[in-house]
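Subject: Structure handover

Hello,

Here is the structure I said I would pass on. My notes on what was found in it follow below.

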Amino acid sequence: MNTPSVSRKAIHREIRDYLMITIAMLSYCIGWSVFLLPNNITTGGVPGIASILEWSVLKIPAQVTYFTINIILLAVALKVLGWRFCVKTVFGVTVLTLSLSLTRDFAASLSLLRDQPFMACIIGSVFCGCGVGLGLASNGSAGGTDIVAAVINKYRDISLGHVIMICDIVIITSSYVVLKDWERVIFGYVVLYVTAFCIDQVIHSMHRSIQFFIISEKYDEISRRINNETRRGCTRLEAQGAYTGNASKVLFVLARQREYKRIMQIIHDCDPAAFVSLSSVTGVYGEGFDRMKVKHRTVKPSTDGNLADKV
């Protein structure tokens, strides 16, 4: 009975992911081609390598290097991340490559912030960081070190922005070989930091969850509608008013931030006089939310005969 509905939801979710990845790659393209490349400001990862090769004596177009290296990385990542991630990442890489090819000449003619390289690196890195974060939150990426970060994040609960920062710092430093300008290298470090910050902010905002405590005489109708219409579970807690001494039921609900309006509408439709407590939570792990990523600990006998933990 529910199979067609589930299929439609899955299709809508996939369409939404590809749409968000497209927007993410266009954002990255604006940051890289309009603000960073024309001002000789490098970034990290594969785009950083591509920028350096374009500025070098080889004069290889950035989009060519970017696409070639990513194809190699994706072939390696296919086994670890699965075809679903790789298909969306190939889509993201293709969109970014095509948009770069189409906008390079136009971006060069804009000459934005040519005399203000610091502002160019700030604005460009915001566009790039938001693009990368939005792509990762939509199960895709811009490729490069994003793939490395996604592989590590699959097994460890480590900040994606920090992983990318560690991978990129050597690339930015090496840009001095071509640019011969430490000021531009410092601007590259600024790009690295702002990009990492924006990635974490976007990822966290996309996965933000909220917690409801609902006190209402119509708890049964509210919980049934929340279960059916949002596919979120409700936990009923026994409670007693300290002032009146009356027994009551309290509904405990965890949901994504984007589901807030729908749940509040359900509560209002069922009981406008309901008492609702709402708060943000830093993380929710379990079915329907995020998966816990922790280091596995094994126990082995120590040399003195006692048990010892090993990470």
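I will start with the surface. Ile169, Val170, Ile186 and Tyr189 make up a nonpolar patch there, and together they have about 370 Å² of accessible area. Please keep in mind that this is a predicted model. Two helices, H6 (160-174) and H8 (182-206), each contribute at least two residues to the patch. Ile186 is one of the patch residues and sits in helix H8. Its relative accessibility is 49%, so Ile186 counts as partly exposed, the cut-off for exposed being over 50%.

Next, the sheet. Four strands build an open sheet, ordered E2-E3-E1-E4, with antiparallel pairing. E2 and strand E4 (275-281) are the edge strands, each of them pairing on one side only. Averaged over neighbouring strands and ignoring direction, the turn of one strand against the next is 20°. As general background, strands of a sheet pair through backbone hydrogen bonds, in either a parallel or an antiparallel way.

Strand E1 (residues 209-215) has two partners worth listing. With E3 the pairing is antiparallel and extends over seven bridges. With E4, E1 also runs antiparallel, and seven bridges join the two. On the E3 side, Phe213 stands opposite Phe252. On the E4 side, Phe212 has Leu278 opposite. In a regular strand, side chains alternate between the two faces of the sheet. As for accessibility, E1 is mostly covered, with five of its seven residues buried.

Two helices lie across this sheet. H9 lies across E1, E2 and E3, and its direction is at about 160° to E2. Helix H10 (residues 260-270) lies across E1, E3 and E4, and runs at about 10° to E1.

Now the charged pairs. How many salt bridges does the structure hold? The count is ten, and three of them are described here.

Lys88 and Glu14 form one of these salt bridges, with 3.4 Å between the closest N and O atoms. Lys88 belongs to helix H3 (residues 62-110) and Glu14 to helix H1 (residues 3-36), so this salt bridge ties together parts that are 74 residues apart in sequence. The two partners can also be described by their accessibility: Lys88 is buried, at a relative accessible area of 1%, whereas Glu14 is partly exposed at 21% relative accessibility. The cut-off matters for Glu14, because buried means under 20% relative accessible area.

Glu229 and Arg225 form another salt bridge, and their closest N and O atoms are 2.8 Å apart. Both residues are in helix H9 (residues 219-230), and because they are four residues apart there, about one helical turn separates them. Glu229 has a relative accessible area of 34% and is partly exposed.

The third salt bridge joins the side chains of Glu238 and Lys249, at 3.6 Å from N to O. Here the partners come from two strands: Glu238 lies in E2 (residues 234-240) and Lys249 in E3 (residues 247-256), so the salt bridge ties together parts that are eleven residues apart in sequence. Glu238 is exposed, at 64% relative accessibility, while Lys249 is partly exposed, at 23%. There is also a network: Arg225, Glu229, Arg262 and Asp269 are joined into one by salt bridges that share partners.

One last item concerns Met119, which is located in helix H4 (residues 117-137). With a relative accessible area of 37%, Met119 is partly exposed. How far apart in space are Met119 and Phe187? Their C-alpha atoms are separated by 9.8 Å, although the two positions lie 68 residues apart in terms of sequence separation.

Regards

Conventions. Residues numbered from 1 in each chain as written. Predicted model: local features only at pLDDT ≥ 70, side-chain atom pairs only at ≥ 80, totals over all residues. Heavy atoms only, no water. Salt bridge = Lys/Arg side-chain N within 4 Å of Asp/Glu carboxyl O. Buried < 20%, exposed > 50% of the residue type's maximum accessible area, 1.4 Å probe, protein only. Patch = residues over 30% accessible without salt bridge, like charges linked within 9 Å, V, L, I, M, F, W, Y side chains within 5 Å. Areas by Shrake-Rupley, 256 points an atom, 1.4 Å probe, with all protein chains shown as cover. Pairing = 2+ DSSP bridges. Axes fitted to C-alpha atoms, helices over the stretch in contact; angles between N-to-C directions. Contact = heavy atoms within 4.5 Å.
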